[in-house]
Amino acid sequence: MRRRGCLWGFTGVIGFLALCCVLAYFVGLPSLQDSIRDEVAEQLSTQVARQLNAQVPEGVAVGAGEYRLSLSDIEQQIAADADPSTVEAVNLRADGNELVLSIATDWETIEYRGIPKAGSTGHLEMADMRGDGGGIDYLLPPGQVGGAIERGVNRYLQAQGLQLQDVQLHENDLVFNLVE
């Protein structure tokens, strides 16, 4: 009789662990991804706004024209605002026509690459987003990182009533050609 009770107890523990894993996968993981994606989008929106607003006289709204955003300045601001207990370094750079975002933690360096393009609707689109592989791509898929970058820039442009006509990477700058 004791063996049967032990078997039921063991089965109950295994069932409870399986339920916890299912809940973590279907509830915890999407919540974590949303939190990270929203934080990246908010940081980028703030940095894009700072750099674009700095290129026009005070009190004047950002309008149509060509604007250069320094990737190293954006990188420095994001790194300054990052949680030092989890993120050791943030690197944002151009590599040919690709925008490269690297995040170094104390256990791994994660790299995402994509090609910034002006979409047909006047919004930024990150084409061909990919990660460097590994388990982190599962936790934070490249498409979600690309979506966060898009949302961060597009949120600001929409608030200003602007559309992206063209975007290019030139040396260490992201060059926007904006229209109203």
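In this predicted model, A89 of the first chain segment to look at stands opposite A104 in β3. A second facing pair is R93 with V100, the latter again in β3. Both pairs help to locate the ladder between β2 and strand β3 (residues 98-104), which pair in the antiparallel sense over seven bridges. The two strands form a hairpin with two residues between them. In that turn sits G96, whose phi is positive at about 70°.

Let us widen the view to the sheet around this hairpin. Four strands make up an open sheet, ordered β2-β3-β4-β5, and their pairing is antiparallel. The edges are β2 (89-95) and β5 (124-131), each of which pairs on one side only. From one strand to the next, the twist averages 25°. As background, strands of a sheet pair through backbone hydrogen bonds, in either a parallel or an antiparallel way.

Inside the sheet, Y112 is a handy residue to pick out. Y112 is found in strand β4. Is Y112 buried or exposed? With a relative accessible area of 2%, Y112 is buried, because the cut-off for burial is under 20%. Eleven residues away along the chain lies L101, and the C-alpha atoms of Y112 and L101 are separated by 5.2 Å.

At the edge strand β5, D128 deserves a look. D128 has its place in strand β5, and its phi is positive, about 55°, although D128 is not a glycine. The relative accessible area of D128 is 53%, so this residue is exposed. A similar case for your backbone checks is E171, a residue other than glycine whose phi is a positive value near 55°. E171 belongs to the loop between β6 (163-170) and β7 (173-179). E171 is exposed too, with a relative accessible area of 66%.

Now bring in the helix that packs on the sheet. Helix α4 lies across β3, β4 (109-118) and β5, and runs at about 155° to β5. Within α4 (residues 142-159) you will find N154. Why does N154 count as buried? Its relative accessibility is 12%, and the limit for burial is under 20%. Leaving out residues up to four places away in sequence, N154 touches H123 and L124. L124 lies within the range of the edge strand β5 (124-131).

The helix also matters for the nonpolar interior. The largest nonpolar core has 32 residues, and L52, V62, F176 and L178 touch the most other members. Helix α4 gives the largest share of this core, five residues. What does V62 touch, once residues up to four places away in sequence are set aside? The answer is L52, N53, V56, Y67, Y156, L162 and L178. Two of these partners, L52 and L178, are also named among the core residues that touch the most other members.

The end of the chain is the next stop. E180 is placed in the segment after β7. At 71% relative accessibility, E180 counts as exposed. E180 and A64 are 116 residues apart in sequence, yet their C-alpha atoms are 5.8 Å apart in space. Apart from neighbours within four places in sequence, E180 is in contact with G63, A64, G161 and L162. L162 is a contact of V62 as well.

Stepping back, the chain has four helices and seven strands. Read along the sequence, the pattern is α-β-α-β-β-β-β-α-α-β-β. The chain has 180 residues, of which 37% count as buried. Among contacts between residues at least 6 apart in sequence, 48% join residues at least 24 apart. The exposed area is about 10500 Å², and carbon and sulfur atoms supply 56% of it.

Finally, a word on confidence. The mean pLDDT of the chain is 77, and 73% of its residues reach 70 or more. Among the elements, helix α3 (residues 135-139) has the lowest mean pLDDT, 65, while β6 has the highest, 89. Where pLDDT is low, the predicted coordinates should not be read in detail.

Key: Residues are numbered from 1 along each chain as its sequence is written. This is a predicted model: local features need pLDDT of at least 70, side-chain atom pairs count only at pLDDT 80 or more; totals for chains, interfaces and linings use all residues. Side-chain values use heavy atoms; hydrogens and water are left out. Buried means under 20% relative accessible area, exposed over 50%, partly exposed in between (1.4 Å probe, protein chains only). Contact means heavy atoms within 4.5 Å. A nonpolar core is a set of buried Ala, Val, Leu, Ile, Met, Phe, Trp, Tyr and Cys residues joined through side-chain atoms within 4.5 Å. Accessible areas come from the Shrake-Rupley method with a 1.4 Å probe; for residues, only the protein chains shown count as cover. Two strands pair if DSSP finds at least two bridges between them. Axes are lines fitted to C-alpha atoms, for helices over the stretch in contact, and angles run from 0 to 180 degrees between N-to-C directions. pLDDT is the predictor's confidence in each residue, from 0 to 100.
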